[in-house]
Every structure is written in C-alpha cells, then in structure tokens.
Amino acid sequence: MTTPAYPPKPVPGDRVAVISPSAGLPGILPLPYELGLERLRKEYGLEPVEYPATRRMGSTPRERADDIHAAFADPDVRAVMASIGGDDQITVLPLLDRELIRANPKPFFGYSDNTNLLAHLWNTGIVGYHGASVMGELGRPGAMDPLTAESMRAALFTSGEYELRAAERWRDVDRDWADPATFESEPETRPGTGWTWVNAHRVVEGRSWGGCLEILAWLLMADREIPRDLSVHDGGVLFLETSEELPSAEEVFRVLRSMGERGLLRRFSALLMGRAKTWSFERPNSPQEGARYAAEQREAVLRAMGAYAPDTTIVFDVDLGHTDPQIVIPYGGAIRVDGPARRITVTY
C-alpha cells in the first residue's frame, strides 16, 4: 500500500474532464448541468471536456470505465470532475485499469456514489477530493454558496492548509431541477448551528478516508477497495455522511456496527460526521421532523462509536457531502482536528 500523494493541480485556462461515472443525469436534467459548465468556465476559468457517456442515461459500466480512462490518460486534461452521483458505480470498479490511472494522476472531484472511485484512487496512491459536482454545487440555483465556492477554488488551485469553518446558514430542501423557475431565485436557507464536539481533549492529525456511508456499506459487502491491512488507517481521520435516501438511524447504526466488527472504527483517531440530509422529495420532512431525524442519527453514531471506538474524537454537523453549503474534503489527504481549539484544518 502506497501512501496517497497529491496530484498536480490545474491552473485557470486548463481543460478539465467532466464525466458521469454513475448516472448520466445531464442528459435528462440539462438546466443545472449547463449552469455548472458555465460557472466552471466563467468563475473558475476552466474549459470542460465532455465524454461519450457524460450525457447518456443507461450507459454501460464499460462505457463509463472507458470515459474514466480517457479522461485520466489525456495529457491535456488537468483535472476530472463528476457531473453527479448515482447508485451503480460499484459495477465500474472491476473494469478500471489501476496502472493507467496511477501513471496519470489527476485531481478527481465527486461525492455520493463517487465514493467508489475515490476509494479506488486512495488504493491507487492518489489523493482525491470529496465534493464539488458539476450539477449539485456548480449548478446551484441563484448562485454558488460562497463557502462552497471558496472551498472548491482552494481545492482546485492551491496546495497547502485550509481551515474549515461552520456555515452561518444552510439549506436542506431541494427544488425541481426540471423547472426553469427553480433557477430564478436563491434557495431558502436557515441559520447554522455550528459543530458539536465529542472527546475534544486532543489534537489528531492523519490521512482521511470515508465518504458516503451507504456506498461504503456496499463496498464492504462486495469486498472492494477496502484495504486488507487495516493498519494503514491507524491514527487517521474518518469522515462520513449520508445521502438524500435518508437511511434510518437503525440502518446507520448497523453499518457502523459492521465496520466496527471488521475492526475499522477503532483504527481512526477522529471522525468528522457530515450534517445529515433530512429532506427528500420522497420524504419532505418538516423542520421539526428533520431535526428529530438528525438527532436520531447522531444517537446511532454515538452508540456505535461508544461500543467500538469510545475514545475517538467526533465532530458532528460538518458541512460535507449532501448538504449546502458544501466543503470539499481531501480523500487521502491530511486533516488536522484540534479538539481543544475547536478547529479543523485540511490540506488541499
């Protein structure tokens, strides 16, 4: 196992690949996608390059693997970004050419189902970036959230430390991406509540690993991209978040319990738990119902960590994953969690 290394960063004017390693949603929901491409050009000065499966729903795992290979192998492409997530990227993993990707390291940005590719890159020896999809963050109605835009810019173009800060306001309710009226105004937000710290008596600094909890559960079941030698995670920082499918608190506990039984949880010295997504079109929770859902998830996490890693430093409601604003987290990069000072610093 090679310690993941940071790939070279793009600069304004460079070409970046935009791929759909999971669902080809740009083909049926063009409004946030085209807006995201426009912002990538105008606000970040980057030129997006699309591939055959980028806008195609129902593309095969082989077609998506071919796009990934083409994006990493092209010497004129300096970074790779996912358009959106999905639910079957795990079928692409067996088709990936690890040596081709290792020979052409590039920053990859994505989250949700893209946890698959991020874990693959971790095991290939490349630091990836959890966050900043084209449709979700770049294609946000109204404008990009300033916290998201700042984090993405730092992750894209700079190398070095970046201190995270809690969102002053945040959003949970989504609007219809097929409706042009969605993009005519800013989404409604609510006041932030800051982070909640547990076992915050020490300073932890280590390599990060994790991602979307549901995807990690699938990887564990399929026994893919989970290191055999778990000691590679000793002293590291685990980060987790849940998706818009709103898994129950009991399901969250059971996944964490399985991770604990495998010996994973005790390896990490700190856990960053993303702000829980509490609203979906299928479950349009009221603010009160959403708060109850988030509280139940927190208790599930505390119950599992108490059983398997009781001394781990935990920070709840970090703005990562399926939340708005969203902070980019380096996947395999260094994270410093300073409990006494209540500070989190990542290295991009």
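This section describes the overall dimensions, sheets, pockets and backbone features of a predicted model.

The protein chain contains nine helices and 16 strands. Its radius of gyration is 19 Å, against the 20 Å that the globule rule gives for 348 residues, so the chain is as compact as a globular protein of that length. The C-alpha trace extends over about 45 × 45 × 35 Å along the principal axes.

Two open sheets are considered here in turn. One is built from eight strands in the order 6-16-15-10-11-12-13-9, and its pairing is mixed. Strand 6 (161-163) and strand 9 (196-198) form the edges of this sheet, each pairing on one side only. On average, neighbouring strands in the eight-stranded sheet are turned by 25° against each other when direction is ignored. At the strand 6 edge, strand 6 and strand 16 (residues 343-347) run antiparallel and are joined by three bridges. Within this pair, tyrosine 162 is placed opposite valine 346 of strand 16. Helix 7 (residues 213-222) lies across two strands of the sheet, strand 10 (203-212) and strand 11 (236-241), and runs at about 80° to strand 10.

The other open sheet has six strands, ordered 2-1-3-4-5-14, again with mixed pairing. Its edges are strand 2 (47-50) and strand 14 (329-331); each has a single partner strand, so one side of each is left without a neighbour in the sheet. The twist from one strand to the next averages 30°. Inside this order, strand 4 (residues 108-110) pairs with strand 5 (residues 128-130) in the parallel sense, over two bridges. Phenylalanine 109 faces tyrosine 129 of strand 5 across this pairing, the two residues standing opposite each other.

The largest pocket has a volume of about 1,000 Å³. It is lined by 42 residues, and those closest to its centre are Ile84, Asp174, Trp177, Glu244 and His322. Helix 5 (134-138) and helix 7 each contribute at least two lining residues. Helix 7, the helix that lies across strand 10 and strand 11, provides the largest share of the lining, three residues. The lining of the largest pocket is divided by class into 14 nonpolar, 14 polar and 14 charged residues.

The second largest pocket holds about 290 Å³ of space. Its lining comprises 14 residues, with Trp170, Thr193, Arg275, Ala291 and Ala294 nearest its centre. Strand 8 (190-191) and helix 9 are the elements that give two or more residues to this lining. Helix 9 gives the most, with six residues. In the lining of the second largest pocket, seven residues are nonpolar, three are polar and four are charged.

The model also contains one cavity of 30 Å³ or more. About 60 Å³ of space lies in this largest cavity. Its lining consists of Met273, Gly274, Ala276, Ala294, Gln297, Arg298, Val301, Phe316 and Asp317. Strand 12 (268-274), helix 9 (287-308) and strand 13 (313-318) each give two or more residues to the lining. Both of these strands belong to the order of the eight-stranded sheet. Helix 9 gives the most to the cavity lining, with four residues, and likewise gives the most to the lining of the second largest pocket. Ala294 appears in the cavity lining and is also among the residues nearest the centre of the second largest pocket. By class, the cavity lining has five nonpolar, two polar and two charged residues.

Two backbone features occur in loops. The peptide bond from aspartate 324 to proline 325 is cis, with omega near 5°. Proline 325 is located in the loop between strand 13 and strand 14; strand 13 contributes to the lining of the largest cavity, whereas strand 14 is an edge strand of the six-stranded sheet. Asparagine 199, a residue other than glycine, has a positive phi, near 55°. Its place is the loop between strand 9 and strand 10, and both of these strands are part of the eight-stranded sheet.

Methods:
Residues numbered from 1 in each chain as written. Predicted model: local features only at pLDDT ≥ 70, side-chain atom pairs only at ≥ 80, totals over all residues. Heavy atoms only, no water. 1 Å grid on protein atoms, 1.4 Å probe; cavity = no way out; pocket = protein on both sides within 12 Å on 5 of 7 lines; lining within 4 Å. Points joined across faces, edges and corners; volume = space filled by probe spheres on them. Nonpolar A, V, L, I, M, F, W, Y, C, P; charged D, E, K, R; others polar. Pairing = 2+ DSSP bridges. Axes fitted to C-alpha atoms, helices over the stretch in contact; angles between N-to-C directions. Contact = heavy atoms within 4.5 Å. Rg over C-alpha atoms; globule rule 2.2 N^0.38 Å.
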